[in-house]
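Open the model in your viewer and get ready to select residues by number. This tour goes from stop to stop and says what to look for at each one.

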Amino acid sequence: MGKQFFSSESVTEGHPDKLCDQIADAILDAILEQDPLARVACEVVANTGLIYILGEISTLAKTDVSDIARKVIKEVGYNSTEVGFDYKTCGIITSIKKQSADIALGVNKGGAGDQGQMIGYACNETPELMPLPISLSHSLVKELDKLRHIKKIPYLRPDGKSQVTVEYREGRPYRVDAVVISAQHDPNISYDVIQRDIKSEIIYRIIPEKLIDESTKIYINPTGRFVTGGPMGDSGLTGRKIIVDTYGGVSSHGGGAFSGKDPSKVDRSAAYAARWIAKNIIASKLAEKCEIQLSYAIGIEEPISVYVNTFGTGVKTDTEIVEIINKVFKLGVSDIITELDLRRPIYRELARYGHMGRNDLDVPWERTNKVSELVKIML
């Protein structure tokens, strides 16, 4: 396979798209806390001084979506016009109606809320069985947010991005070739100070020393200035960071976003199930990398198809692995919701730093609780 380079990006919690994702999932959490069977499809748009909340919500819960949005905006750190957005003074417009009765016909009997294909992936590059580039990218922005909140780097503002390029040799991670960090900052801080602090306090602490060498390229705020950010610098929208939310572009993507959707939407629940399957396949050493596709039809409970690709690394054929999966995993929509306990308010925290590989949150789709069954069948 020779030498290859692969890059993945992540974004901070203050990126305008991620701000929207967090508001949508905070609204979902508040509704599920009161009404676990609610139907929620919530979208959020952010622009200069404005938040739009729209979608279809059928629920018995009593929630103030505007108040929830302001709380999220405050917690992220948009608390004054100086940083580009203020939770106290921003306008909030809502346009919410009930779920379509036609869609409800299928969901009410336990079927999928829509058609589509969902992708899960896992590999043995990291302890959490995720691709190394996206894992490192998430860790960088998570540390960027942490040091901003505890004021260790006090001039940082909420918006930011990371990108990591990993050099692969013979298909395995070999070294980090490039790191890019764009961090919103106060206007009165010098570029040299930003470079020094981000290198010493973030990059060199997060990227393992063995992966960095004298040829590793580091780019910090490449334009030289990043003062205008957040919804003032760019509009935000739920579901526009689906590659950040999943595997950093290493695998395919079904196209559906996660945030703001209750688990009857297979865009979310089946994507989690596919990750759960893939991770257990890798943990059981059936393969070194594995991509799973599940497809569903609206109103139909069971998947229309199950597809596996182990990229030539499987100890069984991909067809045999599909047969094993069908024996071990129940993949009806209601089965997934029950097995992964998805009707809980767990989603706000997932709306930043990715939905997959989140061992820090102990989410069910990251558990390797099917390994013994897989190994038993394999033997």
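One point before you start: this is a predicted model.

**Stop 1: the cysteines**

Start with Cys90. Its sulfur is 11 Å from the closest cysteine sulfur, which belongs to Cys20, and that is too far for a bond. A disulfide needs two cysteine sulfur atoms within 2.5 Å. By this rule, the count of disulfides is zero. Cys42 is in no disulfide either: the nearest cysteine sulfur, again that of Cys20, is 9.9 Å away.

Now switch on the surface. Is Cys42 buried or exposed? Cys42 is buried, because its relative accessible area is 1%, and buried means under 20%. Cys90 is buried too, with a relative accessible area of 5%.

**Stop 2: the hairpin**

Select residues 39-47, which make up strand β2, and residues 50-58, which make up strand β3. The two strands are antiparallel and pair over nine bridges. For one bridge, click on Val40 and look across to its partner in β3, Ile57.

Next, follow the chain from β2 into β3. How many residues lie between them in this hairpin? There are two. Pick out Gly49 in the turn: its phi is positive, at about 75 degrees.

Strand β2 has another partner. Select residues 236-237, strand β11. Here, too, the pairing with β2 is antiparallel, over two bridges. Click on Val45 and you will find Leu237 of β11 opposite.

A general point helps here. Strands of a sheet pair through backbone hydrogen bonds, either parallel or antiparallel.

**Stop 3: the open sheet**

Move on to an open sheet of four strands. Their order across the sheet is β1-β8-β9-β10, and the pairing is mixed. Which strands stand at the edges? They are β1 (3-11) and β10 (217-220). Each has a single partner strand, so one side of each is left without a neighbour in the sheet. Turn the sheet to see its twist, which averages 15 degrees from one strand to the next.

Now select β8 (residues 156-169) and β9 (residues 172-185). These strands run antiparallel and are joined by 11 bridges. Click on Ser162 and find its bridge partner in β9, Ile181.

Keep the side chains on for a moment. In a regular strand they alternate between the two faces of the sheet.

**Stop 4: the cavity**

Look inside the model. How many cavities of 30 Å³ or more are found in the whole structure? There is one. The volume of the largest cavity is about 70 Å³. Its lining has 14 residues; select Met118, Ile119, His253, Gly254 and Ala271, which lie nearest the centre. Two elements, β7 (116-123) and α8 (266-283), give two or more residues to this lining. The largest share, three residues, comes from β7. Colour the lining of the largest cavity by class: five residues are nonpolar, eight are polar and one is charged.

**Stop 5: the pocket**

Finish at the largest pocket, which holds about 360 Å³ of space. It is lined by 20 residues, and those closest to its centre are Glu128, Ser135, Leu136, His138 and Ser139. Which helix gives the largest share of the lining of the largest pocket? Select residues 132-149: this is helix α4, which gives seven residues. Colour this lining by class as well. The largest pocket has nine nonpolar, five polar and six charged residues in its lining.

Technical notes. Residues are numbered from 1 along each chain as its sequence is written. This is a predicted model: local features need pLDDT of at least 70, side-chain atom pairs count only at pLDDT 80 or more; totals for chains, interfaces and linings use all residues. Side-chain values use heavy atoms; hydrogens and water are left out. Buried means under 20% relative accessible area, exposed over 50%, partly exposed in between (1.4 Å probe, protein chains only). Two strands pair if DSSP finds at least two bridges between them. On a 1 Å grid over the protein atoms alone, a cavity is a set of points where a 1.4 Å probe fits but cannot get out, and a pocket is an open set with protein on both sides within 12 Å along at least five of seven lines; lining residues have an atom within 4 Å of a point. Grid points are joined across faces, edges and corners, and a volume is the space filled by probe spheres set on the points. Ala, Val, Leu, Ile, Met, Phe, Trp, Tyr, Cys and Pro count as nonpolar, Asp, Glu, Lys and Arg as charged, and the others, Gly among them, as polar. Axes are lines fitted to C-alpha atoms, for helices over the stretch in contact, and angles run from 0 to 180 degrees between N-to-C directions.
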